[in-house]
Amino acid sequence: MVDSSEDALIMEEREELMVSLVDYEQVIPIIRVAHFLKPTLPSAEKFPFFPSRPNIQELRRSTSLKVQFRCGVSVSHLMKWAIWVNKLKPLYQEIWKKAGIFEAITASTFKIYLHNDLIIALAERWSAETNTFILPWGEATVTLEDMAVLGGYSVLGHCVLNPIKTKESVEMEKTIREAYKVIRARKKNVTQPVWMEHFTGKGDHLEHVAFLTLWLSRYVLPSRSYFKVHGALFPVAIHLSQGIPVALAPAVLASIYRDLRLLKQFIISSASSRCNQDKSDPLFRAPLQFVQLWAWERFSSLQPKPSIICSGEPRLARWHNVKKINCVDPRSAIDSATDLFLWRLYTIDTVKNWDIHKFYKEREAYVVAGPKVGREILIFARLIRASELVGMDCVEKYLPHRVSMQFGFDQDVPGCANHTSDTPKIAWSNYDRPITDDKLYIPSRLFESDVTR
């Protein structure tokens, strides 16, 4: 991204000929002041970039794919994990809230049953060029907003790759690495159940760091050795144990984008008669349950009957233990959802005991941007600004301007966002860059967006 130019702005306002996305053939276009996320296609450009449309007919063989999604937990392990969470919550919940992980930890105690056919159907429509789903009626995608609302992850804080620096933190890392070596010498493999058994009930700060390491390793940022504790996450766990916020939302979303790309590649290769699937059955480790939840929340025809949320529970709790899906064929439901797709579901006050976020206003508003901008506005800016997402082992493009209607903005033909670098340090500086807009527009939560003619 370019930091010092018109292209660095998040949004723009101008008069434009606008039309409804749903019934554009029947409704007369109107000229009005519209609000767009940048970059949009300059009027001088005649040839916008359109991601390639998937050939669904050629990918139909993916219905019989044998794919292993490693997100989710076994029932027995879930019970033990919930017990550990409830034991440590009274001791550390204030630290978890300060670090921005309280809701995410709570969410990890709920069981989400995976429906492979739905995830595969969405992956068939995935574009690695734009990190969006290419649908007959438009583009849509899983965004940082979904990570914040469904996952409870923070978009603000340190990069997940930040090293620890203080003497106390360095000593703690040394201590937990020594404990790791002791367990490995005794058990050979430092599996998550073994790790939990070793540290549960220790009653000290080391137990807290070990707890957070297991949470990160299994529920947030799993490694290729899915059922093992990931030593690279020790610094992240130490930061969080001290109440230091870490931006987990972009890291988790980057892993989801990565695995959707890999899954799409696997689907394409499996559709070829030359592919021997038994020799190339990959493991997908990102928490792809959020892709499923994203679809359940937004496609009314795909949505099973949700559970009732109890007061204080995260939104994800409405899908706890839900097994039945109403729709037999997710592909046809997805492709025909022109007027059934919920663009702004988190602004609708329909979920009992769940509070709408503060930056979803009843009336539209303009807020002055600058170095002293409030935390809520800074979060909102991160959600809607094109950038790069830094994960533990990947960097992915984030292009919310291609799905502006998911944030209450009007949709113009999207321009190409400059890709800064695949180097994590440079990519993070792009994600964490200051806001250069003089003011930001906050749409009304009740506003219905349109598209340019």
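Visitor: Why does Gln406 count as buried?

Guide: Gln406 has 1% relative accessibility. Buried means under 20% relative accessible area, exposed means over 50%, and partly exposed lies in between (1.4 Å probe, protein chains only). At 1%, Gln406 therefore counts as buried. The structure is a predicted model, in which local features need pLDDT of at least 70 and side-chain atom pairs count only at pLDDT 80 or more, while totals for chains, interfaces and linings use all residues. Residues are numbered from 1 along each chain as its sequence is written, and side-chain values use heavy atoms, with hydrogens and water left out.

Visitor: Where is Gln406 found, and what is it in contact with?

Guide: Gln406 is in the loop between β10 and α13 (424-431). Helices (H or I, at least four residues) and strands (E, at least two) are DSSP runs, numbered from the N terminus. Contact means heavy atoms within 4.5 Å. Leaving aside neighbours within four places in sequence, the contacts of Gln406 include Thr141, Glu145, Asp146, Trp294, Arg298 and Trp343.

Visitor: What makes α4 roughly perpendicular to α10?

Guide: The axes of α4 (residues 144-151) and α10 (residues 289-298) cross at roughly 90° and come within 11 Å. That crossing makes α4 roughly perpendicular to α10, since angles of 65 to 115 degrees count as roughly perpendicular, under 35 as roughly parallel, over 145 as roughly antiparallel and the rest as oblique. Axes are lines fitted to C-alpha atoms, for helices over the stretch in contact, and angles run from 0 to 180 degrees between N-to-C directions.

Visitor: Which residues make that contact, and how many of them are nonpolar, polar or charged?

Guide: On α4 they are Glu145, Asp146, Met147, Leu150 and Gly151, and on α10 they are Phe290, Leu293, Trp294, Glu297 and Arg298. By class, five are nonpolar, one is polar and four are charged. Ala, Val, Leu, Ile, Met, Phe, Trp, Tyr, Cys and Pro count as nonpolar, Asp, Glu, Lys and Arg as charged, and the others, Gly among them, as polar.

Visitor: How do you know that Arg298 forms a salt bridge with Glu145?

Guide: The closest N and O atoms of the two residues are 3.9 Å apart. A salt bridge is a side-chain nitrogen of Lys or Arg within 4 Å of a carboxyl oxygen of Asp or Glu, so this pair qualifies. Arg298 lies in α10 and Glu145 in α4, so the pair ties together parts that are 153 residues apart in sequence. Both Arg298 and Glu145 are buried.

Visitor: What makes Asp450 and Arg32 a link between distant parts of the chain?

Guide: Asp450 is in the loop between β11 (439-442) and β12 (451-452), whereas Arg32 is in strand β2 (residues 30-37), 418 residues away. Their closest N and O atoms are 3.2 Å apart, which gives a salt bridge. Asp450 and Arg32 are both buried. In the whole structure, 23 salt bridges are found.

Visitor: Glu362 forms a salt bridge with Arg445; is Glu362 buried or partly exposed, and is Arg445 buried or exposed?

Guide: Glu362, with a relative accessible area of 48%, is partly exposed. Arg445, at 15%, is buried. The closest N and O atoms of this pair are 2.6 Å apart.

Visitor: Why are β2 and β12 called edge strands?

Guide: The open sheet has the order β2-β1-β12, with antiparallel pairing. β2 and β12 each have a single partner strand, so one side of each is left without a neighbour in the sheet. Two strands pair if DSSP finds at least two bridges between them. β1 (residues 11-19) and β12 are joined by two bridges, so they meet that condition. Met18 stands opposite Thr452 in β12.

Visitor: How do you know that β9 and β10 pair?

Guide: Strands β9 (residues 387-390) and β10 (residues 395-398) run antiparallel and share four bridges. Ser387 has Tyr398 in β10 as its bridge partner. The two strands form a hairpin with four residues between them.

Visitor: Why is α3 described as largely enclosed by the rest of the structure?

Guide: Seven of the nine residues of α3 (residues 116-124) are buried, so the helix is largely enclosed. Among the buried residues are Leu118, Ile119, Leu122 and Glu124. The elements that cover them include β3 (68-69), β4, β5, α9 (248-271), α10 and α11.
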